[in-house]
Amino acid sequence: MTAGDGNQLISVHPEDLKFIFELEKQSFCDLKVVNNTEHHVAFKVKTTSPKKYFVRPNTGVIQPWDSCIIRVTLQAQREYPSDMQCKDKFLLQSTIVPPHADVDELPPDTFNKDSDGKVIHDRKLRVVYIPPSSTQGNSEDEGLKGSTQSPDANSAVQSLKDERDAAVRQTQLLQQELDLLRRRRYRKSDPGFSLMFAFVVGLIGIMVGFLLNLSLSSPSTE
């Protein structure tokens with residue numbers, strides 16, 4: 001007796017092979033193959049582009065009511081497909097085998113439909129390429145959702161940024177004033193000016209240190 005999708009020996013999740021497509025980068029998709037029967041079921045994965053994909057395992061035996069994971073790896077590509085549409089196809093074949101059958105001992109004709117009385121189930125899998133921008137957009141959407149749930153945290157982060165920017169601007173102004181004082185020092189002939197200059201420089205140094213300290217500290221978000 002068999003069960004599952006349309007009396008198929010096995011079910012596959014997901015039903016499509018989806019790869020995040022980036023130039024010069026590998027991508028993979030994991031398929032969960034479930035044996036929906038009380039029999040031992042052998043499977044084999046075929047593709048129209050064997051040099052383009054790496055499938056492990058491409059052949060195996062699944063025990064009754066058990067499952068396994070097949071990893072399909074898309075090799076790094078040098079150019080984008082037209083309109084990001086992929087015409088590659090995969091075929092997942094399955095058939096009942098004797099109990100305790102070993103994958104290394106399967107007969108060569110295990111998946112041949114010409115064998116007498118043998119039933120081979122075929123399941124076609126479509127390949128879908130996903131641009132990286134789509135996944136990044138989803139991540140950004142999730143981040144926005146998370147931010148709406150934590151208004152206090154967002155407010156604290158924004159406050160920290162404002163304080164940092166203000167500290168940077170104030171430091172730049174103080175640096176400009178310090179340069180101006182240095183230039184005035186060489187123009188003044190008043191002997192008491194050096195003492196005043198040293199006092200002002202020391203005061204500015206203290207203020208700069210305080211502002212930098214403030215810009216580097218982060219408020220608690222809890």
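A salt bridge is a side-chain nitrogen of Lys or Arg within 4 Å of a carboxyl oxygen of Asp or Glu. The views below are taken from a predicted model.

**View 1. Asp88 and Lys52 form a salt bridge between two loops.** The closest N and O atoms of Asp88 and Lys52 are 3.0 Å apart, so the pair meets the 4 Å limit. The two residues are 36 residues apart and belong to distant parts of the chain. Asp88 sits in the loop between S7 and S8, and Lys52 in the loop between S4 and strand S5 (53-56). Asp88 is buried at 9% relative accessibility, whereas Lys52 is partly exposed at 22%.

**View 2. Arg71 and Asp30 join strands S7 and S3 through a salt bridge.** The side chains meet at 2.8 Å, N to O. Arg71 lies in strand S7 and Asp30 in strand S3 (residues 27-35), with 41 residues separating these distant parts of the chain. Arg71 counts as partly exposed, with 37% relative accessibility. Asp30 is also partly exposed, its relative accessible area being 31%.

**View 3. Lys25 and Glu22 form a salt bridge.** The closest N and O atoms of this pair are 3.5 Å apart. Lys25 is partly exposed at 46% relative accessibility, and Glu22 is partly exposed at 30%. The whole structure contains five salt bridges, among them Lys25 with Glu22, Arg71 with Asp30 and Asp88 with Lys52.

**View 4. Gln77 is a buried residue in a loop.** The loop that holds Gln77 runs between strand S7 (67-74) and strand S8 (89-97). Gln77 has a relative accessible area of 18% and counts as buried, because the cut-off for that class is under 20%. A polar atom of the Gln77 side chain lies 2.9 Å from the backbone oxygen of Gln75. Leaving aside residues up to four places away in sequence, Gln77 touches Phe21, Leu23, Glu24 and Lys52. Lys52 is also the salt-bridge partner of Asp88.

**View 5. Five strands form an open sheet with mixed pairing.** The strand order is S2-S9-S8-S4-S6. Strand S2 (16-20) and strand S6 (59-62) stand at the edges, and each has a single partner strand, so one side of each has no neighbour in the sheet. Neighbouring strands of the sheet are turned by 25° against each other on average, direction ignored. Strands of a sheet pair through backbone hydrogen bonds, either parallel or antiparallel. Strand S4 (residues 40-47) pairs with S6 in the antiparallel sense over four bridges. Val41 stands opposite Ile62 in S6.

**View 6. Tyr53 is one of the residues with the most contacts inside the largest nonpolar core.** This core has 24 residues, and the others with the most contacts inside it are Leu17, Phe19, Ile70, Val72 and Phe90. The elements giving two or more residues to the core are strand S1 (10-13), S2, S3, S4, S5, S7, S8 and strand S9 (121-130). Tyr53 touches residues including Phe19, Val72 and Phe90, when residues up to four places away in sequence are not counted. Thr47, Thr73, Leu74, Gln75, Cys86, Val127 and Tyr129 are also among the contacts of Tyr53. Tyr53 further touches Asp88, the buried partner of Lys52 in the salt bridge of View 1.

Conventions:
Residues numbered from 1 in each chain as written. Predicted model: local features only at pLDDT ≥ 70, side-chain atom pairs only at ≥ 80, totals over all residues. Heavy atoms only, no water. Buried < 20%, exposed > 50% of the residue type's maximum accessible area, 1.4 Å probe, protein only. Polar contact = N/O pair within 3.5 Å; in protein donor to acceptor, adjacent residues only side chain to side chain. Contact = heavy atoms within 4.5 Å. Pairing = 2+ DSSP bridges. Axes fitted to C-alpha atoms, helices over the stretch in contact; angles between N-to-C directions. Core = buried A, V, L, I, M, F, W, Y, C linked by side-chain atoms within 4.5 Å.
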